[in-house]
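Here's a quick walk through a model you may want open in your viewer. We'll start with a sheet and its helices, then turn to the domains, the ligand and a couple of backbone oddities.

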Amino acid sequence: TRGFSIVHPKVVQSISLLNQNFPRDDYTNVTEKIISHLGQNLHLQEGHPINIVTQRVLNYFYASFKNSRGNPQFSMYNNLCPIVTTAQNFDSLLIPTNHVSRSKSDCYYINQQHLLRAHMTSHQSELMKSGLDNFLMVGDVYRRDEIDRTHYPVFHQIDGVRLRSKNQLFPNDNDLDIFELGDYTENIGSQDKQACHTLEAVKLMEFELKSTLLGVAKSIFGEDFKYRWVDTYFPFTQPSWELEVFYEGMWMEVLGCGIMKQAILTNAGITNKVGWAFGLGVERISMCLYKIPDIRLFWSKDSGFLNQFKNQEVNAKITYRPISQYPQCINDISFWLPNDKEYCENDFYDLVRTIGGDRIEQVTLKDDFLHPKTGRRSHCYRIIYRHMERTLKQEEVNLIHKKIEKEAAKQLFVNIR
Ligand code: FA5
Ligand code: MG
């Protein structure tokens, strides 16, 4: 006999992110626009200003912390999944269940258990559990926020952690310890040391933390810039500080840091070490360093932005030149180089700029081809036209382009293809 077939009308809606499926629920508040940023990984794109600044921070740590064999002590994690659990983002960091930072109005939730990480600190505990003592993490973080010149709901952070044992901290002084038994009534927001730490350990850690972060800042901004340390509060560090840098007439906060709450280490199975940690905003540093006026530019796919940073040495001094908001017109030009005369690329670039004036944004060699039989050489250049104050019409661009072809043939003896 046939049984009943029971149809469940419940339709489980789910969201697919980075090849994983997540059921929706009444916490879900990620939008298509936000999701479109997942996997873009600006921090991994060679020549992107986010990537360059990351490299510079990493180089500082590599150079400053070496083990007895001369190898870097810090390792960098740049590929941690931005989808995290509330346990990672909050619980592992002792963030209270009623803390405002957990609210739906501040975070992008995928569902009740999962969210797009709101800070890189989400991964701190798992990396410590895996046995690491010195590590850096970089990646994209997501926060519901206004959108303006300095705020964007997706930005990048570099976090760092350094754990030290008694012997590492006081190698020459067996009498000094890192732990003590102390009376402790938690005083939220207090800058007092944690009761379980000795004053000597905390002072030494504070000194190393601040001089390291100042060293990072100096390696990026140079020796002469104005900065200040400001006391602050995080649920996961005590005491805690922010570093502010004076930029364009105002104080800008570039990082938060502090002495790690001992319970986080204990929960990760570490009972014989103390730690310091920090989290810095990569966009903030990059905007100061290159004078990038708007945080939205980091997401630009416009070559007028990207090419200002591409193929540059990591420590190159670059000052961003504003690009026009009017559209680009792209025309290519191909020609055979002369057989019997010298040809110099820079002559062509000069010729283009002479004819096109400031309607020329970029000229790049796209293709260099050597004919296998005739031995003749051909170059293809991409010329990008753009005006600072108005939209260029294609007909106007075509006229300039024609003139460039004509003059190149005449002055440089090339054969337009
Ligand atoms: C944090 O995110 C902490 N997790 C940092 C930390 C790590 C403290 C480890 C202690 C130990 P905060 O929300 O202040 O803290 O962000 C850290 C840095 O990210 C800021 O100093 C700032 O440079 C940058 N930042 C914060 N919000 C934005 C934003 N909306 N846009 C751009 N950068 C931001
Ligand atoms: Mg802050």
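## The sheet and its helices

Leu 370 stands opposite Arg 377, a residue of S14. Bear in mind as you look at that pair that this is a predicted model. S14 itself covers residues 377-385, and its antiparallel pairing with S13 runs over nine bridges.

Zoom out a little and you get an open sheet of four strands, paired antiparallel in the order S13-S14-S12-S15. Which strands sit at the edges? Strand S13 (360-370) and strand S15 (415-416) do, each pairing on one side only. As for what holds such a sheet together, strands pair through backbone hydrogen bonds, in either the parallel or the antiparallel sense.

Two helices pack on this sheet, and here's how they line up:

| Helix | Strands touched | Angle between directions |
|---|---|---|
| H10 (residues 345-356) | S13 and S14 | about 145 degrees with S13 |
| H11 (residues 394-412) | S12 (329-336), S14 and S15 | about 20 degrees with S12 |

## Domains

The domain assignment splits the protein chain into domain 1 (14-306) and domain 2 (329-416). How far apart are the C-alpha centres of domain 1 and domain 2? They lie 47 Å apart.

There's a database label to go with this end of the chain: an unreviewed UniProt entry annotates residues 324-417 as "domain: FDX-ACB". That span, 324-417, is 33% helix and 32% strand, and 31 Å separates its end C-alpha atoms.

## Around the ligand

Ligand 1 has 23 residues around it, and the ones that come nearest are His 119, Thr 121, Gly 256, Gly 279 and Gly 281. Strand S7 (154-165), strand S10 (250-260), strand S11 (273-281) and helix H8 (282-290) are the elements giving two or more residues to this shell. S10 has the largest share, with six residues. By character, the shell around ligand 1 breaks down into eight nonpolar, nine polar and six charged residues.

## Two backbone spots to check

Most residues other than glycine have a negative phi, and most peptide bonds are trans. Two places here go the other way.

The first topic is a peptide bond: from Gln 238 to Pro 239 it is cis, with omega near -5 degrees. Pro 239 belongs to strand S9 (residues 237-247).

Then there's Asn 41, which isn't a glycine yet has a positive phi of about 50 degrees. Where is Asn 41 found? Look in the loop between helix H1 (32-35) and helix H2 (49-64).

Conventions: Residues are numbered from 1 along each chain as its sequence is written. Chains are lettered from A and ligands numbered from 1 in the order in which they are written. This is a predicted model: local features need pLDDT of at least 70, side-chain atom pairs count only at pLDDT 80 or more; totals for chains, interfaces and linings use all residues. A residue is near a molecule or strand if its C-beta atom, placed from the backbone, lies within 6 Å of it. Ala, Val, Leu, Ile, Met, Phe, Trp, Tyr, Cys and Pro count as nonpolar, Asp, Glu, Lys and Arg as charged, and the others, Gly among them, as polar. UniProt positions are given in the numbering used here, feature names are shortened, and annotations may be inferred rather than shown by experiment. Two strands pair if DSSP finds at least two bridges between them. Two residues are in contact if their C-beta atoms, placed from the backbone, lie within 7 Å. Axes are lines fitted to C-alpha atoms, for helices over the stretch in contact, and angles run from 0 to 180 degrees between N-to-C directions. Domain bounds come from an automatic or database domain assignment.
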